[in-house]
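Reader: I should like to learn how to read the features of a structure, beginning with the ligand. Could you take me through them in turn?

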Amino acid sequence: MNKEEKELKRLREAQLFRSLLSIESSQSTTVMLEGKEVLLFCSNNYLGLANHPKLKKAAAAAIETWGVGTGASRLISGNLALFRQVEEKLADLKGTESALVFNSGYTANIGAIGILAGKGDLILADRLNHASLIDACRLSGATFRVYRHKDMCQLQKLLASRKTGQKALILSDGIFSMDGDIAPLPALLNLAEVYDATVYLDDAHATGVLGMHGGGTADHFQISSKHLIQMGTLSKALGGFGGFIAGNSCLIDTLINKSRPFIYTTALPPSILATALAALEVIEEEPALRKRLWENQRYLSKGLRQLGFDTLESETPILPILIGDSKTAMAFSKALLENGIYVSAIRPPTVPAGSARLRITLMANHTKPQIDRLLEELSTIGHRLQII
Ligand SMILES: *Cc1c(COP(=O)(O)O)cnc(C)c1O
């Protein structure tokens, strides 16, 4: 057996092997999965926009007008006028001077953090931050310290004990992607002001979901600060693809001039930009979608707690069911699938060892009967596996 085969065998034995399942339909509350129709409860398509008629129409029209590709990076000849429209709308949504689209949220994190912190600087990161932030820290070359999840006392100590004059960047998810709780943004910004640091907030799951205008975590807390930089994705609640950074013009110009993941890649295609533009309009014009998402959130979280599941500190449409060992988490997910419900099991290294879980995500267009079905199956299987 070669090295790769040995590693794959180890993953299989530890119930950590990952494989791909084929979706054979559009993204709705139900999908065709490997030839079978199932109820979908693990998509980040929170507002159902991935299949919204207005977005589909905008994408199709953009293909007719602009074609399918951009042919070059944005600094060469790929910078279609659609970018400016999307970026102005994103800056409006985030309440910032400026915004810049990247080819994905992952790329935005790598591209921005590499500019904001380098050798000799200090990055302080929440232990439950998304993997793309961890990769960005590693690639930046900065000194990288992790603080316990949302532990502001530990964060304060780390800030207070840094070398004089050392630049500090605090990194946090806005909504934590696997636990579904919200970052204490006012406290983070307060520390940033006191200790002259910058908060970089990854709002991938909060954009379009949190706040009166769907602006994300800062909108939720109705807070703004010159110490804050916001990152988001166009691929979750916004239903399409791409990522972005929102901040002041000096930051955005620096990224355009220096960020290699921004510079050395072909510009996103026009259909994707038109999709983003339409999504931003829907977010503005249809607050009812967000309202329905949150009604579903309240209904399901109450139901899960009544059944006795441990949903950690979740307060958003990401609702984990803590299980612990990967084997039981896999068995739970498999049993649900056999009963027509698709909820994937999340295992290490995506979550800390011993905290394997089911991760349920809700959409605005899930119906009460669909959620009731989910609760019923969770109850039956949960009892059988002795989780509850
Ligand atoms: C999904 C996600 C990303 C990456 O965004 P993509 O647009 O999918 O590349 C970054 N951060 C967090 C917290 C995410 O959940």
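**The ligand and its surroundings**

Author: The model is a predicted one. An oxygen atom of its ligand is 2.9 Å from a polar backbone atom of Y106.

Reader: Which oxygen or nitrogen atoms of the ligand have other polar partners, beginning with G105 and H130?

Author: One reads such contacts as pairs of N or O atoms within 3.5 Å. A backbone N or O atom of G105 lies 2.8 Å from an oxygen atom of the ligand. For H130 the side chain is involved: one of its N or O atoms is 3.3 Å from a nitrogen atom of the ligand.

Reader: How much of the ligand does the protein bury?

Author: The ligand taken alone exposes 380 Å², and 86% of that is buried by the protein.

Reader: How many residues surround the ligand, and which are the closest?

Author: The shell holds 16 residues, the closest being G105, D202, H205, T233 and K236. By class, three are nonpolar, 10 are polar and three are charged.

Reader: Which element supplies the largest share of that shell?

Author: Helix 5 does, with three residues. Helix 5 spans 105-116, and both this helix and strand 8 supply at least two residues each.

Reader: How should the sheet be read?

Author: One begins with the order of the strands, then the sense of pairing, then the edges. Here seven strands form an open sheet in the order 3-9-8-7-6-4-5, with mixed pairing. Strand 3 (98-102) and strand 5 (143-147) are the edge strands, each pairing on one side only. From one strand to the next the twist averages 20°.

Reader: In what sense do strand 6 and strand 7 pair, parallel or antiparallel?

Author: Strand 6 (residues 168-173) and strand 7 (residues 198-202) run in the parallel sense and share five bridges. Within this pair, I170 of strand 6 stands opposite V199 in strand 7.

Reader: Which strands does helix 8 touch?

Author: Helix 8 (residues 185-194) packs on the sheet and touches strand 5, strand 6, strand 7 and strand 8 (228-233). The direction of helix 8 makes about 155° with that of strand 7. Helix 10 (residues 249-258) also packs on the sheet, touching strand 3, strand 8 and strand 9 (243-247), and its direction makes about 30° with that of strand 3.

Reader: Finally, how are the ends of a helix read?

Author: One looks for a cap at the start and for the backbone angles after the end. The N-terminal end of helix 1 (residues 3-13) is capped by N2, with a side-chain oxygen 3.1 Å from the backbone nitrogen of E4. After helix 1 comes Q15, with a positive phi near 60°.

Key
Residues numbered from 1 in each chain as written. Predicted model: local features only at pLDDT ≥ 70, side-chain atom pairs only at ≥ 80, totals over all residues. Heavy atoms only, no water. Pairing = 2+ DSSP bridges. Helix = DSSP H or I, 4+ residues; strand = E, 2+ residues; numbered from the N terminus. Axes fitted to C-alpha atoms, helices over the stretch in contact; angles between N-to-C directions. Contact = heavy atoms within 4.5 Å. Near = heavy atom within 4 Å. Polar contact = N/O pair within 3.5 Å; in protein donor to acceptor, adjacent residues only side chain to side chain. Areas by Shrake-Rupley, 256 points an atom, 1.4 Å probe, with all protein chains shown as cover. Nonpolar A, V, L, I, M, F, W, Y, C, P; charged D, E, K, R; others polar.
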